[in-house]
Structure formats: structure tokens, C-alpha cells
Amino acid sequence: MVLYEKFIRLHTGKNIKIVPSCVSTFDEIGKYDVIIAGSQQNGVGRGNRKFYSPVGGLYIVMRAQGVYIDPHTLTPAVGLAVHDTIRAILGIETDLKWVNDIYYKGKKAVGILCKSPRKAEYLIGMGINYAIADAELEKAGLGDTAISLNAPESRATAFVTGLINQVRHSTIAAFDHVRYGKLCMNVGKNVTFIHNGINVQGFAESVAPDGSLIVRIGNATVAVDAGEVSIIRVAQNGGNQ
């Protein structure tokens with residue numbers, strides 16, 4: 001995938017490095033503001049799980065600095081920025097899955113991972129299934145859970161440029177939890193998650209100003225601020241899946 005580095009630098013003001021491949025963008029970023037790779041050999045996902053990173057994707061780590069950044073709302077704010085960029089530049093409608101995924105047609109298209117290597121410094125990682133061949137996802141056994149945006153490579157430079165600017169803005173703007181909640185596919189659904197070491201079920205009601213997912217369990221509510229939250233799908237026979 002061809003990306004025009006000079007254009008991206010000019011229109012973002014960032015010190016950018018573009019590589020066709022690397023072990024991990026988190027390791028490769030060094031002192032650059034942004035690292036963009038066309039593939040990764042050892043991409044990192046949430047919980048140190050491997051993030052499948054074949055050719056056709058865009059794997060980006062962006063540095064953000066400042067004491068003004070709220071680490072609690074950073075991940076969902078970035079998710080909202082990614083969603084907005086995909087819609088504005090590519091004309092594709094996506095959904096937000098709390099707290100760090102973007103879904104397209106019911107499958108994962110983008111994963112987000114934020115790290116803080118030191119105080120007031122954050123590394124924002126985004127793995128985007130931009131134009132990965134469907135056969136590549138099938139070969140990896142991900143055909144049922146992951147999907148490519150199948151976006152045109154001719155828009156890739158504009159997309160990356162817009163994404164960097166939109167994410168940068170999201171780190172300094174107030175987190176719009178109301179709009180995030182409206183786009184969040186968890187809200188209004190029965191969900192399951194681990195709470196105090198126990199797997200529990202509840203009804204996701206909203207997203208709070210601090211980015212946590214508000215889940216009702218009986219007559220009480222729990223603010224879920226970390227961990228995996230899965231939507232309970234109802235089978236055709238009426239049971240849960």
C-alpha cells in the first residue's frame with residue numbers, strides 16, 4: 001500500500017516514519033511522533049495477545065503528550081475519532097464496541113490499544129483492517145470474527161492524514177460520552193463480564209462521562225471501567241449464545 005509520507009507530514013505537522021513491515025509498531029516508534037507499518041510480525045493486542053497484522057492493514061502508533069490527557073477516557077475518545085474518520089474519509093458506517101474496538105457489519109475491523117510508558121506520555125496504537133484480502137482473514141481462522149473495510153488504496157494517504165489529526169484533537173477535546181453511547185453496540189444489550197472475579201450478566205444502560213460502561217444488575221448498577229464485555233446473543237430457539 002502506497003502512502004505519501006511528505007503529504008502526511010505536511011498536513012499533520014508530525015514527525016512520521018513509514019515502514020513496509022516491522023516486528024511491532026510499539027517497539028518501532030522510537031522518538032518519532034507516529035509510526036505506520038504495512039504489516040507486523042508480532043503485533044500486540046489487549047492483554048498482550050497477538051494482534052494479527054497481515055499485509056493490507058494499517059498499523060499505527062501515535063504519541064500523545066500532556067498532563068491534560070484523561071487516561072480514563074482516552075481509549076473510547078480515540079475510538080470515536082477512528083469511527084468519525086472512517087465515515088468522513090471513506091464513507092463507511094461503523095459501530096463502536098466498548099471499549100477499544102470498531103465493528104463493521106457485525107465483525108471487528110479496528111482494534112485500539114493505549115499504553116503509557118511514562119507519566120503524561122501515551123502511545124496510541126490502532127490496528128486497522130483497511131484493505132486486507134478476505135481470504136487472508138479466512139486463512140487465519142478469523143473469518144467469523146474479523147472483517148476488512150475493503151477501502152480503496154487510493155484513499156489511504158488521505159485517511160491516515162485525517163486519522164492523525166482527528167485522534168490528536170480527541171486527546172485535547174472533552175470526551176463526548178453521549179454520542180459515544182449512541183454509537184456503542186453494547187448499550188441497550190444484555191452483556192456478560194467479569195466482576196470481582198465472577199462472571200456476571202447485566203443490561204448495559206449507557207456510557208458514563210468517565211468512559212465506563214454502566215451496567216444494571218437487578219436493582220443495582222455497576223460502572224465497568226476495564227476488561228472484556230461481551231454481548232449476549234439470543235439464539236433463534238430463544239436461548240442465549
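Is Phe159 buried or exposed? Select Phe159 and see: with 0% relative accessibility, this residue counts as buried. Keep in mind as you click around that the model is predicted.

**The whole chain**

Zoom out and show the cartoon. You should find six helices and twelve strands in the protein chain. Its radius of gyration is 18 Å, close to the 18 Å that the globule rule gives for 241 residues, so the chain is as compact as a globular protein of that length. Orient the C-alpha trace along its principal axes and the spans come out at about 55 × 45 × 30 Å.

Now switch on a surface. About 12,000 Å² of the protein chain is exposed, and carbon and sulfur atoms supply 51% of that area. Buried residues account for 49% of the 241 residues. If you like contact maps, take the contacts between residues at least 6 apart in sequence: 55% of them join residues at least 24 apart. Colour by charge next, and you get 25 positive and 20 negative side chains, with the centres of the two sets 3 Å apart.

**The aromatic pair**

Go back to Phe159 and add Tyr130. Two aromatic pairs turn up in this model, and one of them is right here: the ring centres of Tyr130 and Phe159 are 5.5 Å apart and the planes meet at 45°, so the pair is tilted, falling between the 30 degrees limit for stacked and the 60 for edge-to-face. Tyr130 sits in the loop between strand S7 (121–128) and helix H4 (134–139), while Phe159 belongs to helix H5 (residues 156–170), so the pair ties together parts that are 29 residues apart in sequence. Tyr130 is buried too, with a relative accessible area of 0%.

**A buried asparagine**

Select Asn186 next, in the loop between helix H6 (177–183) and strand S8 (190–195). Which residues does Asn186 touch, leaving out those up to four places away in sequence? Show its neighbours and you'll see Leu96, Lys97, Trp98, Val191, Ala204, Leu213, Val229 and Ile231. Asn186 counts as buried, at 0% relative accessibility.

**A cis peptide**

Trp98, one of those Asn186 contacts, leads to the next stop. Look at the peptide bond joining Trp98 and Val99: it is cis, with omega about 0°. Val99 is in the loop between strand S4 (95–97) and strand S5 (101–104). For background, most peptide bonds are trans, and most residues other than glycine have a negative phi.

**Two positive phi values**

Step along to Lys105, in the loop between S5 and strand S6 (107–118). Lys105 is not a glycine, yet its phi is positive, about 55°. At 65% relative accessibility, Lys105 counts as exposed.

Then jump to Asn150, in the loop between H4 and H5. Here phi is near 50°, again a positive value in a residue other than glycine. Asn150 counts as partly exposed, at 48% relative accessibility.

**Last stop: Gln65**

Finish with Gln65 in strand S3 (residues 58–65). How exposed is Gln65? Partly: its relative accessible area is 49%. Not counting residues up to four places away in sequence, Gln65 touches Ala120 and Glu121. Draw a C-alpha to C-alpha distance from Gln65 to Ile164 and you should read 14 Å, for two residues that are 99 apart in sequence.

Conventions
Residues are numbered from 1 along each chain as its sequence is written. This is a predicted model: local features need pLDDT of at least 70, side-chain atom pairs count only at pLDDT 80 or more; totals for chains, interfaces and linings use all residues. Side-chain values use heavy atoms; hydrogens and water are left out. Helices (H or I, at least four residues) and strands (E, at least two) are DSSP runs, numbered from the N terminus. The radius of gyration is taken over C-alpha atoms; the globule rule is 2.2 Å times the number of residues to the power 0.38. Buried means under 20% relative accessible area, exposed over 50%, partly exposed in between (1.4 Å probe, protein chains only). Contact means heavy atoms within 4.5 Å. Accessible areas come from the Shrake-Rupley method with a 1.4 Å probe; for residues, only the protein chains shown count as cover. Lys and Arg count as positive and Asp and Glu as negative; His and the chain ends are not counted. The place of a charge is taken as NZ of Lys, CZ of Arg, CG of Asp or CD of Glu. Rings of Phe, Tyr and Trp (its six-membered ring) pair if their centres lie within 6.5 Å; planes under 30 degrees apart count as stacked, over 60 as edge-to-face and the rest as tilted.
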